[in-house]
Amino acid sequence: MSAAKKADKPVAAETMPSGTTSGTPQILLAHHLKQLRLPTILREYDKVAREAAREGIDHTAYLLRLVELELIDRERRVVERRIRQARFPAVKSLDTFDFVAIPSLNKMLVLELARCEYILRRDNIIALGNSGTGKTHIGLSLGLAACQKGFSVAFTTAASLVHQLMEARDERRLLKLQRDLAAVKLLIIDELGYVPLSTTGAELLFEVFSQRYERGSTIVTSNLPFEEWTSVFGVERLTGALLDRLTHHVHILSMNGESYRLTQSARSRKLAVTDANDQSAVEDVDPDTGEITVR
Ligand code: ADP
Ligand code: MG
């Protein structure tokens, strides 16, 4: 009979120091676990030892339980780190996205993209549509899904990216930034088209797309249809070359529709009016923020 099956087998907790005393073994153990970077085992070993003692679990099962806890926690920490490194302005997921509100968007395609296989194929995604239709929300959700699946992600707006590139160039660290941008598995460039770019800005942005071409996936969101992209990049030749690279392997998300912000504001406004039963109030809705001002 193996030691594990004996009724009077030694249980882990009997040989474990109790966590409240500060004897040498605990101090050494804490030190070694820190050095080995096993924070969950350090936090849990005493509690799990007591559980093991109660349940009559042997040393091997006790160790297995601790190692499993560390692994689960480590995976969570890695995902959290990737999310921090992605620099999302907000963490949003598809769970809170209402597909009914935007019928032009292909829900099946979005759900398929959330599985992240396009990243392995280095495909790109372009989300096009007017303001407030959830393009940023979708970009953030796909970015989050990629973090959870283990891909490195970076989120930025086109304006901010161009600003960073110009700054890096002035400070003679453009190559390093370009290398970092090319290395990330998924780069999300939000709001292309909101601000027209200078010639240098357009060229620097074009280089980013060029360097990522067939190396990593890029998601671009824009309020402009392709025909108007020349107005952002200024130069027609550049726009053509850029579209060429970007649309080689691309999934287009068509997101034209009513602004979600405005629809939500109108709904809450209607509720507010019904609640107050005050038909005389006149409200203005800010198209950008959805904020309601009552006059
Ligand atoms: P866009 O980037 O297209 O201008 P956003 O993604 O910024 O639009 O959406 C504006 C706000 O409305 C955000 O807070 C977003 O989370 C929310 N929103 C937009 N569309 C939806 C939707 N279909 N379901 C849930 N929330 C949405
Ligand atoms: Mg947006």
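**Close-up views of a predicted model**

**View 1. Helix α7 is the top contributor to the shell around ligand 1.** Three shell residues come from α7. The model shown is predicted. Helix α13, residues 260–276, also supplies at least two residues of this shell, as does α7.

**View 2. Ligand 1 is surrounded by 16 residues.** The closest are Gly134, Lys135, Thr136, His137 and Tyr260. By class, the shell holds eight polar residues, four charged and four nonpolar.

**View 3. The largest nonpolar core has 46 residues.** Val153, Leu186, Ile188 and Leu205 touch the most other members. Helix α7, spanning residues 135–148, gives this core its largest share, seven residues. The same helix thus appears in two views: α7 also gives the most to the shell around ligand 1.

**View 4. Leu205 has contacts beyond its sequence neighbours.** With neighbours within four places in sequence left aside, its partners are Ala158, Leu161, Val162 and Leu197. Leu205 is among the core members that touch the most others.

**View 5. Another core lies apart from the largest one.** This core has seven residues. Val48, Ile57, Tyr62 and Leu66 are among them.

**View 6. Two stretches stay under pLDDT 50: residues 1–20 and residues 290–295.** Over residues 1–20, the model has 29 contacts beyond four places in sequence. For residues 290–295, the count is 16. For the protein, the mean pLDDT is 87. A value of 70 or more is reached by 84% of its residues.

Conventions
Residues numbered from 1 in each chain as written. Chains lettered and ligands numbered in written order. Predicted model: local features only at pLDDT ≥ 70, side-chain atom pairs only at ≥ 80, totals over all residues. Core = buried A, V, L, I, M, F, W, Y, C linked by C-beta atoms within 7 Å. Buried ≥ 20, exposed ≤ 12 C-beta atoms within 10 Å, placed from the backbone. Helix = DSSP H or I, 4+ residues; strand = E, 2+ residues; numbered from the N terminus. Contact = placed C-beta atoms within 7 Å. pLDDT = per-residue confidence, 0-100. Near = placed C-beta within 6 Å. Nonpolar A, V, L, I, M, F, W, Y, C, P; charged D, E, K, R; others polar.
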